[in-house]
Structures are given as structure tokens and as C-alpha cells.
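This report describes the fold of one protein chain, going from its sheets to its helices and then to single residues. Please keep the sequence and the model at hand while reading.

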Amino acid sequence: MPRLKVNNSVFYREPAISQEEISYPDGLRKGDWKQEDFIKDIEQDLIDNPAAEYIPKYQTHAQIYERMKGRKHWDDLLHKIRHSLLRYYTKEFELEKSWANVSRENNQYGNHTHPCDLTVVYYLKCDLPEYGTYIVDEGIMIPSVNDSLLIFKPSIEHRLTNMPFELAVHPQYHRYSIVFDFNIDKSTNPDIISK
């Protein structure tokens with residue numbers, strides 16, 4: 001799988017994750033999800049569980065996976081992410097937090113870090129790759145790629161790239177991503193994550 005190293009920062013990209021056959025509890029198969037199923041859930045969640053006013057516009061309230069747990073496509077996505085983490089880390093991780101971001105008109109996503117051990121971004125619908133994840137300290141843009149994961153250390157300052165209003169007002173350009181923050185499972189991994 002692609003590995004990108006920029007100075008001291010390492011990023012892993014996994015493409016076409018829904019198409020890879022991996023072992024699920026019901027056997028070896030591809031992920032069972034469609035883009036539109038997630039989009040429908042995210043849009044409804046923005047209505048049903050509005051985030052606090054200090055949260056960027058069009059970001060869901062935290063713990064979206066907990067609210068969606070039991071829906072096959074959400075469970076399959078988390079299972080696939082856990083499978084992918086085993087490719088790069090010898091630690092076991094537990095899910096700390098999850099949310100979805102939607103890029104559309106009037107977004108103001110800012111620079112930030114996450115207080116956890118590992119972040120995974122799932123690029124659900126991102127038809128304009130130039131509106132990916134900007135890595136502040138490195139001054140680089142990591143393009144968004146539909147149906148891919150980006151795995152990185154959350155202490156790296158980053159931001160979702162805001163679209164210009166002229167693009168963002170058109171629904172076909174809306175960008176959807178789902179973020180999963182993980183911490184090392186301290187019950188099975190007493191030491192800290194290797195750098």
C-alpha cells in the first residue's frame with residue numbers, strides 16, 4: 001500500500017477499500033456498502049444530532065459510529081479500517097471518537113490536531129482531489145481519493161481544505177469524509193505507540 005514520508009511525518013493510503021476482499025465474520029468478501037448509503041446517513045445525522053455551535057458547520061456531532069453501529073455498511077467500514085491498521089501497526093487500537101465532515105458552501109474548517117494516538121480518514125465522496133487534507137507544517141496537500149483511507153499521527157497539524165463558494169454551492173461537488181480517532185488499547189499494549 002502507498003506510504004508517503006514527508007520530513008518526519010508518515011502517511012499511509014489505502015485505495016479502493018470497499019473492493020478488497022478480507023475476512024469478515026461471515027467469510028471472505030468485499031465490503032458491503034454503497035457511497036449513497038453513507039451520504040444518506042450523514043445528511044440525516046446532521047439534522048437529527050446537530051453539533052455544538054463551536055464545531056465547524058456541516059461536521060456531525062462526535063460518535064457517529066456509535067449512532068450508526070449495527071448498520072452493515074458502517075460495521076463493514078470499521079472492520080475494514082481495523083484490518084488495514086494491522087498492516088502497519090503491531091498494536092491493538094480501540095475506537096475513541098468518530099464524526100463525518102461535509103464540504104459545502106460556507107465551510108470554515110481550520111487547522112487542528114487530534115488528542116489521540118492515531119487518525120484514519122475515510123474519503124467517502126471526494127470528486128475534486130485538490131480539496132483533500134492540507135498538512136500545515138509540511139505545506140503539502142494530500143489529495144482526496146474516493147473510497148480510500150488516509151492513516152496518520154493526529155499530532156500532525158492539518159485541515160480539511162475548504163472549497164470556494166463557487167464550487168461548494170453545487171451538490172455534485174460536495175465532499176464527504178468520515179474520521180475515526182483511535183487510542184492504543186492499554187489492556188493489551190501497555191507501552192506507547194512507536195513513532
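## The six-stranded sheet

In what order do the six strands of the open sheet stand, and is the pairing parallel or antiparallel? The order is E1-E2-E9-E6-E11-E5, and the pairing is antiparallel; here strands are DSSP runs of E with at least two residues, helices are DSSP runs of H or I with at least four residues, both numbered from the N terminus, and two strands count as paired if DSSP finds at least two bridges between them. The edges are formed by E1 and by strand E5 (93–103), each of which pairs on one side only. Neighbouring strands of this sheet are turned by 20° against each other on average, with direction ignored, where axes are lines fitted to C-alpha atoms (for helices over the stretch in contact) and angles between N-to-C directions run from 0 to 180 degrees.

At one edge, E1 and strand E2 (residues 9–14) are joined in the antiparallel sense by four bridges, and Leu4 stands opposite Phe11 in E2. Within the sheet, E6 is joined to E11 by seven bridges and to E9 by five, running antiparallel to E11 and also to E9. Thr119 illustrates both pairings, since its bridge partner in E11 is Asp181 and it stands opposite Phe152 in E9. E6 is mostly covered, with eight of its eight residues buried (buried means under 20% relative accessible area, exposed over 50%, and partly exposed in between, using a 1.4 Å probe and protein chains only).

## Helices packed on the sheet

Helix H1 (residues 35–48) lies across E5, strand E6 (118–125) and strand E11 (175–184), running at about 110° to E6. Helix H3 (residues 72–88) also packs on the sheet, touching E2, E5, E6, strand E9 (148–152) and E11, and its direction makes about 55° with that of E11; contact here means heavy atoms within 4.5 Å.

H3 has 17 residues and reaches 25 Å from its first C-alpha to its last, close to the 24 Å expected at 1.5 Å a residue, the expected span being 1.5 Å times one less than the number of residues. Its buried residues include Trp74, Leu77, Leu78, Ile81, Leu85 and Tyr88, and also the charged-type side chains of Asp76 and Lys80.

## The three-stranded sheet

A second arrangement is an open sheet of three strands in the order E8-E7-E10, with antiparallel pairing. Strand E8 (140–142) and strand E10 (158–160) stand at the edges with a single partner strand each, so one side of each is left without a neighbour in the sheet. The average turn between neighbouring strands of this sheet is 25°, direction ignored. Strand E7 (residues 133–135) pairs with E8 over three bridges in the antiparallel sense, and Thr133 has Ile142 in E8 as its bridge partner.

## A loop residue

Lys34 lies in the loop between strand E4 (27–29) and H1, and is exposed, with a relative accessible area of 51%. Lys34 and Leu124 are 90 residues apart in sequence, and their C-alpha atoms are 9.5 Å apart in space.

## Confidence and conventions

This is a predicted model, in which local features need pLDDT of at least 70 and side-chain atom pairs count only at pLDDT 80 or more, whereas totals for chains, interfaces and linings use all residues. Residues are numbered from 1 along each chain as its sequence is written, and side-chain values use heavy atoms, with hydrogens and water left out.

The chain averages a pLDDT of 88, and 96% of the residues score at least 70, pLDDT being the predictor's confidence in each residue, from 0 to 100. Confidence is lowest in strand E1 (residues 3–6), at a mean of 82, and highest in helix H2 (residues 64–68), at 97.
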